[in-house]
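User: I am new to this structure. Please walk me through the terms used for it and show me how each one is earned.

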Amino acid sequence: MTIKNSRRSKLIYTIAAWTISGMIFFPILWTLITSFKTEAEAISASPSLYAFDWTLENYRDVLSRSPYFTHFWNSVVISLGSSLLGLLIAVPAAWSMAFVQTKKTKHLLMWMLSTKMLPPVGVLIPIYLLFRDFALLDTKLGLVIVMTLINLPIMVWMLYTYFREIPNEILEASRMDGATIGEEIFHVLLPIALPGIASTLLLNVILSWNEAFWTLILTAANAAPLTAFIASYSSPEGLFYAKLSAASAMAIVPILILGWFSQKQLVRGLSFGAVK
């Protein structure tokens with residue numbers, strides 16, 4: 001009876017997991033399908049999932065109208081640049097909070113997390129004015145800085161959680177062997193916490209890649225990433241759903257491929273330190 005109940009529970013959980021996964025992935029699937037339709041079929045009152053005339057016209061129009069690879073390169077530079085810069089700041093910050101705690105450490109962590117509760121539009125004017133005065137508008141450097149600031153609290157919190165699971169005795173042993181703080185971090189701490197660091201890096205890349213608010217506000221043409229590339233297909237004349245879907249597909253496919261090939265590393269990092 002116990003074995004039957006266990007099998008039944010696994011079956012129910014499996015069905016529930018596939019159902020939820022299908023609901024999450026369906027909008028992406030529908031976007032991919034719509035990208036192969038004509039504009040008339042895309043806005044049809046009775047849309048079809050597969051029974052339509054498949055066409056690559058939307059992709060040809062998108063590639064001929066917009067410099068896709070320029071936007072793609074901007075997204076790569078901004079997401080990777082902000083992630084690496086964020087790690088340079090977050091690793092020592094998380095190390096100090098995890099291994100050199102004070103009475104104010106928890107309050108500082110909560111304050112950092114509380115900054116994520118502030119709507120971005122609340123700091124729009126001061127950031128815009130600062131970027132204007134320092135000539136950072138429509139530059140990749142400016143977006144790297146703002147993406148780093150936006151995602152830094154999440155990076156510090158994630159790394160702090162991973163570092164807390166590492167026994168302090170290991171670091172104490174390295175100090176007894178004469179290791180400096182820098183050597184302790186780079187030669188002892190980082191190799192042990194590599195799965196957690198990798199997952200933090202991947203998550204930050206995804207968050208930076210998908211950020212739309214600041215990229216649309218702080219860029220015009222030179223540093224516009226793929227989010228601005230997608231938004232360019234929304235015009236006063238209306239939405240071109242088929243072309244918009246093609247542009248969206250070309251923007252999300254690279255990050256989907258990255259997530260697919262790095263899913264094991266991401267899961268391993270997110271479960272780092274969990275009770276096995």
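Analyst: Here is a short round of questions and answers on this chain. This is a predicted model: local features need pLDDT of at least 70, side-chain atom pairs count only at pLDDT 80 or more, and totals for chains, interfaces and linings use all residues. Residues are numbered from 1 along each chain as its sequence is written, and side-chain values use heavy atoms, with hydrogens and water left out.

User: How many helices and strands are there, and what makes a run count as one?

Analyst: The chain has 14 helices and two strands. Both are DSSP runs, numbered from the N terminus: helices are H or I with at least four residues, strands are E with at least two. Helix α2 covers residues 39-42. The C-alpha trace spans about 70 × 70 × 30 Å along its principal axes.

User: Why is L244 called buried?

Analyst: Buried means under 20% relative accessible area, exposed means over 50%, and partly exposed is in between (1.4 Å probe, protein chains only). L244 has 19% relative accessibility, so L244 counts as buried. L244 lies in helix α13. Over the chain, buried residues make up 37% of the 276 residues.

User: What about A40: buried or exposed?

Analyst: A40 has a relative accessible area of 58%, so A40 is exposed. A40 sits in helix α2. A40 and A242 are 202 residues apart in sequence, yet their C-alpha atoms are 8.7 Å apart in space.

User: What makes a group of residues a nonpolar core?

Analyst: A nonpolar core is a set of buried Ala, Val, Leu, Ile, Met, Phe, Trp, Tyr and Cys residues joined through side-chain atoms within 4.5 Å. The largest one here has 26 residues. Those with the most contacts inside it are V91, W95, F99, V156, L159, F163 and L189. The elements giving two or more residues to this core are α4 (68-99), α5 (105-114), α7 (140-164) and α9 (181-192). A second, separate core has 16 residues, including Y68, V205, L226 and A249.

User: Which residues does L159 contact, and how do you know that they are in contact?

Analyst: Contact means heavy atoms within 4.5 Å. Leaving aside neighbours within four places in sequence, L159 is in contact with L87, A90, V91, A94, G196, I197 and T200. Another case is I185 in helix α9. I185 has 7% relative accessibility, so I185 counts as buried. Not counting residues up to four places away in sequence, I185 touches V91, W95 and L190. I185 and W95 are 90 residues apart in sequence and 7.8 Å apart in space, C-alpha to C-alpha.

User: Why are α9 and α10 called roughly perpendicular?

Analyst: Axes are lines fitted to C-alpha atoms, for helices over the stretch in contact, and angles run from 0 to 180 degrees between N-to-C directions. Angles under 35 degrees count as roughly parallel, over 145 as roughly antiparallel, 65 to 115 as roughly perpendicular and the rest as oblique. α9 and helix α10 (residues 194-210) pack at about 75°, with their axes 4 Å apart. The two helices are therefore roughly perpendicular to each other.

User: Which residues of α9 and α10 meet?

Analyst: L190, P191 and I192 in α9 meet L194, P195 and I197 in α10. By class, this contact has six nonpolar, no polar and no charged residues. Ala, Val, Leu, Ile, Met, Phe, Trp, Tyr, Cys and Pro count as nonpolar, Asp, Glu, Lys and Arg as charged, and the others, Gly among them, as polar.

User: Why are α10 and α13 called roughly antiparallel?

Analyst: The axes of α10 and helix α13 (residues 241-261) cross at roughly 175° and come within 11 Å. α10 and α13 are therefore roughly antiparallel to each other. L202, V205, I206 and W209 in α10 meet A251, P254, I255 and L258 in α13. Eight nonpolar, no polar and no charged residues make up this contact.

User: What is notable about the phi of A135 and D138?

Analyst: Phi of A135 is near 55°, a positive value in a residue other than glycine. D138 also has a positive phi of about 55° and is not a glycine. Most residues other than glycine have a negative phi. A135 lies in the loop between α6 (124-133) and α7, and D138 lies in the loop between α6 and α7. A135 is exposed, with a relative accessible area of 59%, whereas D138 is buried at 15%.
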